[in-house]
Amino acid sequence: MSDPKRVAILISGGGSNMLALVRDMGPDHPARPVLVAANDPAAGGLARAAGLGIATAAVDHRPFGKDRAAFEAALSARLEAARPDIICLAGFMRILTPGFISRWEGRMLNIHPSLLPKYRGLHTHARAIEAGDAEHGCSVHEVTAELDGGPVLGQARVPVLPGDTPDDLAARVLEKEHLLYPAVLRRFATGDRRPIRL
Ligand code: GRF
């Protein structure tokens, strides 16, 4: 088997998707985690990753104010040092500029909590409930300059139940996210872009 692909994971919060990816990247996996980075030094996922022996980095976006390019230059410096083949956005809540995206295009994935192309952006669970949808879910897609608009590589569906609150739905979708993202990465790391349906 060729050398495993090097994966960097970007997070902003607790990192439950990051953990699901890392736990799946065992000895038989075509990839391995080389860095977990966050735009918030207080992101709970950083300590969890460090606890698993993975290198971590915090690049706080706040000191850069509105200067996204400067923030991304600092982030890119930490990423370049880790030499990733693949970047996984996992609950990373900063919108990246086209300049940053073009650097990693074709090698960067994101998980989004809706059945894309429905409900790009935020508050996806509340929007699905408000619309009276019977089904909802999550998607893993390649990252392009179009927010939540890149090619979809996997989707998982869940029912919307009577009386569901956005939190109920978010919890049901998150369980599927933790299955879908590892399944897509395992395939993507071998160069296989056939969509996965769960
Ligand atoms: C997930 O629902 C993900 O789809 C969204 O943010 C949430 C983050 O969860 N982008 P976690 O930080 O991975 O636990």
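User: Which helices each supply at least two residues of the shell around the ligand?

Analyst: In this predicted model, the residues around the ligand include Ser-16, Asn-17, Leu-174 and Glu-177. Helix H1 spans 16-24 and helix H6 spans 166-188, and the helices that each give at least two residues to the shell are H1 and H6.

User: Where does the ligand sit, and what volume does that space have?

Analyst: A molecule is assigned to a pocket if more than half of its atoms lie within 2 Å of the pocket's grid points, and on that basis the ligand sits in the largest pocket. The space in this largest pocket is about 690 Å³.

User: Which element gives the most to the lining of the largest pocket?

Analyst: The lining comprises 31 residues, with Asn-110, Ile-111 and His-112 among those nearest the pocket centre. At least two lining residues come from each of H1, E5 (108-112) and H6, and the element that gives the most, with three residues, is E5.

User: Which residue has an N or O atom in its side chain 2.8 Å from an oxygen atom of the ligand?

Analyst: For Gly-15, a backbone N or O atom lies 3.2 Å from a ligand oxygen, and for Asn-17 a polar backbone atom is 2.9 Å from an oxygen of the ligand. The side-chain contact at 2.8 Å, again to a ligand oxygen atom, belongs to Glu-177.

User: How much of the area that the ligand exposes when taken alone is buried by the protein?

Analyst: The shell around the ligand has three nonpolar, five polar and one charged residues. Taken alone, the ligand exposes 360 Å², and the share of this area that the protein buries is 78%.

Conventions: Residues numbered from 1 in each chain as written. Predicted model: local features only at pLDDT ≥ 70, side-chain atom pairs only at ≥ 80, totals over all residues. Heavy atoms only, no water. 1 Å grid on protein atoms, 1.4 Å probe; cavity = no way out; pocket = protein on both sides within 12 Å on 5 of 7 lines; lining within 4 Å. Points joined across faces, edges and corners; volume = space filled by probe spheres on them. Helix = DSSP H or I, 4+ residues; strand = E, 2+ residues; numbered from the N terminus. Near = heavy atom within 4 Å. Polar contact = N/O pair within 3.5 Å; in protein donor to acceptor, adjacent residues only side chain to side chain. Areas by Shrake-Rupley, 256 points an atom, 1.4 Å probe, with all protein chains shown as cover. Nonpolar A, V, L, I, M, F, W, Y, C, P; charged D, E, K, R; others polar.
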